[in-house]
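I had some time with this one today, so here are my notes, in the order I looked things up.

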Amino acid sequence: MNLSQHFSLAELTRSQTAVRRGIDNTPTPQVIHRLTLLCTNVLEPIRQGCGVVAVTSGYRSPVLNRAIGGANGSQHTTGDAADINVPGMTIEDLFQWIKASGIKYDQLIQEFDQWVHVSYSDKPRGQCLRAVKQEGKTIYMPG
């Protein structure tokens, strides 16, 4: 099932952890709707500007989110967020490109120089952050 021109439901729900642990990561129709909005409003514009977008983490069922140590209340559990990278682009360059692009995102987080977290909301906050580890804890700083 396609969520948008270049993104499929399988791509946004794929999880090696879910497969290994036998966790059902099937989204509800409401979550599929939210994933469609994320793809249409955020991921497609990034693809148009940057090229192929690799989704490293999309929807996570609440059980899967707990299994991987995801944040309570994560937008991944509602279908509103994806962690991405673009082959051939540094994480910092991708982060800066999205920040300057005019795309209406809810959150944009450059996480540990490893991936970019982007999310969508009907009322986007345009929150831009950096996640870093300090003394073993994740700290979010203005981006």
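**Sheet, core and one ring pair**

I began with one strand pairing: β1 and β2 run antiparallel to each other, joined over three bridges. I looked up Ala 54 and found its bridge partner in β2, Asn 85. A reminder to myself: this is a predicted model.

Next I traced the whole sheet. It is open and has six strands in the order β1-β2-β4-β3-β5-β6, with mixed pairing. Which strands stand at the edges? They are β1 (54-57) and β6 (137-142); each has a single partner strand, so one side of each lacks a neighbour in the sheet. I noted an average twist of 30° from one strand to the next.

Then I turned to the helices on the sheet. I see α3 packing there, in touch with β1, β2 and β4, and its direction makes about 140° with that of β4. I also see α5 packing on the sheet, where it touches β2, β3 (107-111), β4 and β5 (127-134); its direction makes about 165° with that of β3.

My next stop was the largest nonpolar core, which has 31 residues. Among those with the most contacts inside it are Leu 43, Ile 84, Ile 98 and Val 118. Which element supplies the largest share? It is α3, with ten residues. I followed Val 118 further: beyond its sequence neighbours within four places, its contacts include Leu 38, Ile 46, Ala 82 and Gln 107.

Last, I searched for aromatic pairs and found one in the whole structure. Phe 112 and Trp 115 meet edge-to-face, 5.7 Å centre to centre with 70° between the planes. I checked their exposure too: Phe 112 is partly exposed at 25% relative accessible area, and Trp 115 is partly exposed at 26%.

Definitions and conventions: Residues numbered from 1 in each chain as written. Predicted model: local features only at pLDDT ≥ 70, side-chain atom pairs only at ≥ 80, totals over all residues. Heavy atoms only, no water. Core = buried A, V, L, I, M, F, W, Y, C linked by side-chain atoms within 4.5 Å. Buried < 20%, exposed > 50% of the residue type's maximum accessible area, 1.4 Å probe, protein only. Helix = DSSP H or I, 4+ residues; strand = E, 2+ residues; numbered from the N terminus. Contact = heavy atoms within 4.5 Å. Phe/Tyr/Trp six-rings, centres within 6.5 Å; stacked < 30°, edge-to-face > 60°. Pairing = 2+ DSSP bridges. Axes fitted to C-alpha atoms, helices over the stretch in contact; angles between N-to-C directions.
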